[in-house]
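Thank you all for coming. I would like to walk through one chain with you this morning, so please have the sequence and the structure open as I go.

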Amino acid sequence: MLWSLIKIVVFVAVIAAITWGASFLLESSGGLQVTVMGTEYSFGPLQSVIAVVLLVVAVWILLKIFALLVAVWHFLNGDETALSRYFDRNRERKGYEALSEGLMALASGEGRLAMAKAAKADKYLERPDLTNLLIAQAAELAGDHRKAEETYRKLVTNERTRFVGVRGIMKQKLAEGDTETALKLAEKAFAIKPKHAETGDVLLKLQAEKEDWAGARQTLNTKLKNGQMPRDVHKRRDAVLALSEAKDVVAEGNSIEAREAAIEANRLSPDLIPAAVMAAHGYIDQGKPKYAARVLKKAWSVQPHPDLAGAFAAIQPDETPKERLKRFTALTRVQPDHPETKMLLAELNIAAEDFPQARRSLGDLVETDPTARSVTLMAAIERGEGASDTVVKGWLARALTVSRGPQWICENCHHIHANWKPICENCHSFDTLAWKTPPMSEVAMPGGVQMLPLIVGALEDNSGADAKPAVATRADIEDAELIDDAPEGTVDPVEKPAIQPEK
């Protein structure tokens, strides 16, 4: 309200001043005389003022016309002018609109449309770092791999987009299965941007697949320095790589280097079972059985495993079954309630021909957590105690229907491996194998495997059955197709000679 009043007062004052000035000029005498080519022009005071104002306006218009002519000359000459900047802004606006539409088409999965919009944006914009990237990704989406690779190569020539170009070609080579070229490109991309986590993971995987363990360990250390990996994960994976390197040394026949590499792998990750086994064998070769036993007991305390028991048996290979049973007390007392410990004790007692103690060691494992191995051990115990063939075969038949027990399983694709490996055979993922029991699945068989105990024999002994040899023979197990289920590295009861039961 006050501001409106002020504006009105100022407007009235200006009009009053102009009116007073005009009236003053009209009442004044004199004027302005101008002679042009002999002709004299006389102007009064008011006319003189008007003439001066018109002259100033005319000069201003002439200057603007002259500036316009100069601008047109510069425009025609190719120089930057306001007119050229106007057209540039218009082209830039159209280019960014096309770029935005191309990105939307790319996100919508319309590869061809995205390529068309990217070409239009490239026509209007002078930003190859943006338009080439959109063209490459749109070409990949549309399935035009030649165009995509050609565009990625253009990105490689630019310092700002070199990493994007190298990474794009690397991904194309991986899709084509050219791992040799992909490995070289991954090394180059990782050298350009070592803090890029995905590129580091791809490089590590490719190096592991090519069994370049030294290069993989170097990549792993770089990822740790850049903060891309927790220290405990790095320690575990470094141990896996060291173990793989040790296995290569063993294959080359360099026993000293193999022992050192295996011991280093076990030091990095004591719970890594293959590393503990290899380190133990290295200590055994050096004549250090106490060190081997210490390594195996430490690994057994984390995860009991048949391979650990096999390596522990190799410390004293020539001992008697009773001596072995006594020496294994140092190992079996670590985790006495673990199923692996119970089965190990049962096997040791079977080897020592103490079948009642073997049954007590096995406990109720065949009921609470039955596996093919524990049920087979029960068949051996029954035979050792003088049970009939029907009882033994009944246990062997049951072994066909229960779980095979813990195995090396890939946690990524759940593929089962016979032996531990650093790389999954199925999905090629690194350090994903774990020792655990796979899920049970129903097997479709004519008549069902549940009928087998009724066919080959019941689990109860018959009082009138004739006494058979005390230990199951290999032919019995072959009949039940269980030969492959015998655990590695442990005492095999089927190898024992037939012994008559005590009377």
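Let me begin with a question: is the crossing of α7 and α8 left-handed or right-handed? Before I answer, I should say that what you see is a predicted model, and that everything I describe should be heard with that in mind.

The crossing of α7 and α8 is left-handed. The axes of α7, which covers residues 162-176, and α9 I will come to shortly; for α7 and helix α8, residues 179-192, the axes come within 9 Å and cross at roughly 155°. Angles over 145 degrees count as roughly antiparallel, and α7 and α8 are therefore roughly antiparallel to each other.

As for the residues in this contact, α7 contributes Arg-162, Phe-163, Val-166, Ile-169, Met-170, Lys-173 and Leu-174, and on the α8 side they meet Thr-181, Ala-182, Leu-185, Ala-186, Lys-188, Ala-189 and Ile-192. Divided by class, the residues of the contact of α7 with α8 are 10 nonpolar, 1 polar and 3 charged.

Now to the other partner of α7 that I wanted to show, helix α9, which runs over residues 197-209, and whose axis comes within 12 Å of that of α7, with a crossing of roughly 40°. That angle makes α7 oblique to α9, and the crossing of this pair, too, is left-handed. Here Phe-163, Arg-167, Met-170 and Leu-174 of α7 meet Glu-198, Thr-199, Val-202 and Leu-206 of α9, and by class this contact has 5 nonpolar, 1 polar and 2 charged residues. If you compare the two lists, you will find Phe-163, Met-170 and Leu-174 of α7 in the contact with α8 and again in the contact with α9.

Further along the chain, I would draw your attention to helix α22, residues 389-398, which is mostly covered, with 7 of its 10 residues buried. The buried residues in α22 are Val-391, Val-392, Gly-394, Trp-395, Leu-396, Ala-397 and Arg-398, so listed here in sequence order.

Let me finish with the chain as a whole, which has 24 helices and 5 strands. Of its 503 residues, 38% count as buried, and its accessible surface comes to about 29,200 Å², with 57% of that belonging to carbon and sulfur atoms. Finally, among contacts in the chain with a separation of 6 or more, 54% are accounted for by residues 24 or more positions apart.

Definitions and conventions. Residues are numbered from 1 along each chain as its sequence is written. This is a predicted model: local features need pLDDT of at least 70, side-chain atom pairs count only at pLDDT 80 or more; totals for chains, interfaces and linings use all residues. Side-chain values use heavy atoms; hydrogens and water are left out. Axes are lines fitted to C-alpha atoms, for helices over the stretch in contact, and angles run from 0 to 180 degrees between N-to-C directions. Helices (H or I, at least four residues) and strands (E, at least two) are DSSP runs, numbered from the N terminus. Angles under 35 degrees count as roughly parallel, over 145 as roughly antiparallel, 65 to 115 as roughly perpendicular and the rest as oblique. A crossing is left-handed if the near helix is turned anticlockwise from the far one by less than a right angle, and right-handed if clockwise. Contact means heavy atoms within 4.5 Å. Ala, Val, Leu, Ile, Met, Phe, Trp, Tyr, Cys and Pro count as nonpolar, Asp, Glu, Lys and Arg as charged, and the others, Gly among them, as polar. Buried means under 20% relative accessible area, exposed over 50%, partly exposed in between (1.4 Å probe, protein chains only). Accessible areas come from the Shrake-Rupley method with a 1.4 Å probe; for residues, only the protein chains shown count as cover.
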